[in-house]
Amino acid sequence: MKLTKKECVVMLLAGGQGSRLGALTTKIAKPSVPFGGKYRIIDFALSNCVNSHLDTIGVLTQYQPLILNSYIGDGKSWDLDRMNGGIQILPPYQRVGDSEWYSGTANSIYQNIDFIDQYDPEFVLVLSGDHIYKMDYSLMINYHKEKNADCTISVIDVPLKEASRFGILSSDATGRITEFEEKPKKPKSTHASMGIYVFTWKKLKEYLEIDNRNPDSSKDFGKDVIPSMLKRNEIMYSYEFKGYWKDVGTIDSLWQANMDLLGSNGFDLTGDWVIYSRHAERPPHYISKNALVKNSIVSEGAVILGTVENSIIFSGVKVSENAIVKDSVIMADVEIKENSAVYYSIIDEMVKIGSNLKIGTPREQNYGITVIPRASIINNM
C-alpha cells in the first residue's frame, strides 16, 4: 500500500531508563511514569502532537517497554489509529548483518530512516517523551520554514544555577544559533535546549549518515549532531518557548511538577488544549462526610474516608478512616488503611499500606521525599 506523503513526521524518543527516578523506573520506562492523577508522562508529548495537527508519530522504545507499548496500544485514545500515518512503536530490530540496541538519541533516528522515508517528509520533529508541558508544535514548524532553517531548537530560559544540566546555546539578534554546548560546567547563557528539534529531513538524514560512520561519535544529538551542524555553518535557529515546562527526570522534579498542579504558579490541565490519556472508566470519586480534603486533586474511583491535604490522588486509591495523606503523590489503586499517615512521599501504583503506620516525614522537617515502589505491601512487623 502506498503511503500518503506527510509534510512532517514526528519521532518521539521514549526509551529512556530514567535511573534518577530510582524505584519508580525499575520496571517501566520513564515516559510510562504516572502523573497528575490520571496521566502518564508521555501523554503530554502525544497530546501536543494531536493538538498541533501532527498525525504521523514514531515512538522509539527500548528500556522496559512492555507497559508503555500496552498503554499506547493502537493510539485510539489520542485519535492516532490511522490507516495512513497514526502512531507506530519502533523498538530496535535486527537487520541483515547488524543487530544492536539504540546507542544514542541520534542513532535511534538513524536506525529508523526507512520508517521516515516512506512518508517522504520535508521536516522531522524530534521530541523527548519525558517532559511536562503544553506546546503548539505547528508554530515552531512555521518558524522553521520562515527562517529557511536546517535545524530549529526550542529553548527555554532557566536559572543560571541549573544551566549546566542542559544543552546551552547562544543566538544572535535574529535568533540564529552561534554557539552550542552540552551540559557546560560554566554556561555562557541561560537559554537551555528543551530537547525539541525541527529538522529539514534531507539535511538531518545527511548528518545522521555522517555521524553513523564516525567511530568516535556517541551518536547523540546534543553531543554530536548539533555541534557538527553548527561547525559546518548550517542554518540553525533557536525558538523561544515561554510557557510551563518541566523536565521530570528526578524524584524532586517529578514531585514538584505534580504539586505545581495545585499552586498559583503552576500548570493548568483545564482549557482548550486537552491532554488526552488512556485509562479505564471508573465510578465518581467518593469523599465521606467525615473526611477532610484540602487543596488536592482526587481522581475518579478514589475513596476518601480520612484526611488529604496538598496531594495528588490517582484513580482507585482508598484512604481509610483516620488515615492522613499530606504533601504526597498517591498513584493508582493504592490502599492506605486505618490510622496510617503518609507525609511528603510518592507512592507508586498498587501499593498496600497497612494500619497504624507512618510513611515519610512532614515536609517542613526537610528529610527528603520518601518513595515506595510499585505493588509493595507494607505492614507492621
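**Exercise 1. Is aspartate 260 buried or exposed, and at what relative accessibility?**

Solution. Start with the scale. Buried means under 20% relative accessible area, exposed over 50%, and partly exposed lies in between (1.4 Å probe, protein chains only). Aspartate 260 has 4% relative accessibility, so aspartate 260 counts as buried.

A note on the source. This is a predicted model: local features need pLDDT of at least 70, side-chain atom pairs count only at pLDDT 80 or more, and totals for chains, interfaces and linings use all residues. Residues are numbered from 1 along each chain as its sequence is written, and side-chain values use heavy atoms, with hydrogens and water left out.

**Exercise 2. Find the salt-bridge partner of aspartate 260 and place both residues.**

Solution. Step one: the rule. A salt bridge is a side-chain nitrogen of Lys or Arg within 4 Å of a carboxyl oxygen of Asp or Glu. Step two: the partner. The side chain of aspartate 260 meets that of lysine 246, at 4.0 Å from N to O. Step three: the places. Lysine 246 is in strand E13 and aspartate 260 in helix H8, so named because helices (H or I, at least four residues) and strands (E, at least two) are DSSP runs, numbered from the N terminus. The two residues are 14 apart, and the pair links distant parts of the chain. Step four: exposure. Lysine 246 is partly exposed, with a relative accessible area of 21%.

**Exercise 3. Explain why helix H8 is largely enclosed.**

Solution. Count first. Helix H8 covers residues 251–260, and 8 of its 10 residues are buried, so the rest of the structure largely encloses it. The buried residues include Leu254, Trp255 and Met259. Then look at the cover. Strands E2 (34–35), E13 (245–247) and E19 (312–313) are among the elements that cover the buried residues of H8. Strands E22 (329–330), E25 (345–347) and E28 (370–372) are also included.

**Exercise 4. Which strands pair with E11, and in what sense?**

Solution. Two strands pair if DSSP finds at least two bridges between them. Strand E6 (residues 123–128) pairs with E11 in the antiparallel sense, over 4 bridges. Here valine 126 has tyrosine 197 of E11 as its bridge partner. Strand E8 (residues 151–157) also pairs with E11 in the antiparallel sense, over 6 bridges. Here aspartate 157 has histidine 191 of E11 as its bridge partner. E11 itself spans residues 191–200 and is mostly covered, with 8 of 10 residues buried.

**Exercise 5. Give the strand order of the open sheet of 6 strands.**

Solution. The order is E14-E17-E20-E23-E26-E29, with parallel pairing. Strands E14 (286–287) and E29 (377–378) stand at the edges with a single partner strand each, so one side of each has no neighbour in the sheet. E14 is joined to E17 (residues 303–304) by 2 bridges. In one of them, tyrosine 286 has valine 303 as its partner.

**Exercise 6. Compare the settings of serine 128 and leucine 160.**

Solution. Contact means heavy atoms within 4.5 Å. Serine 128 lies in strand E6. Its relative accessibility is 16%, so serine 128 counts as buried. Leaving aside neighbours within four places in sequence, serine 128 is in contact with Leu12, Leu13, Ala45 and Gly195. Leucine 160 sits in the loop between E8 and strand E9 (167–171). Its relative accessibility is 54%, so leucine 160 counts as exposed. With the neighbours within four places again left aside, leucine 160 is in contact with Pro187 and Thr190.

**Exercise 7. Which parts of the chain does the pair of lysine 145 and glutamate 7 tie together?**

Solution. The structure holds 15 salt bridges. In one of them, lysine 145 and glutamate 7 meet at 2.7 Å, N to O. Lysine 145 lies in helix H5 (residues 137–146) and glutamate 7 in the segment before strand E1 (8–13), so the pair ties together parts 138 residues apart in sequence. Lysine 145 has 35% relative accessibility and counts as partly exposed. Glutamate 7, at 38%, also counts as partly exposed.
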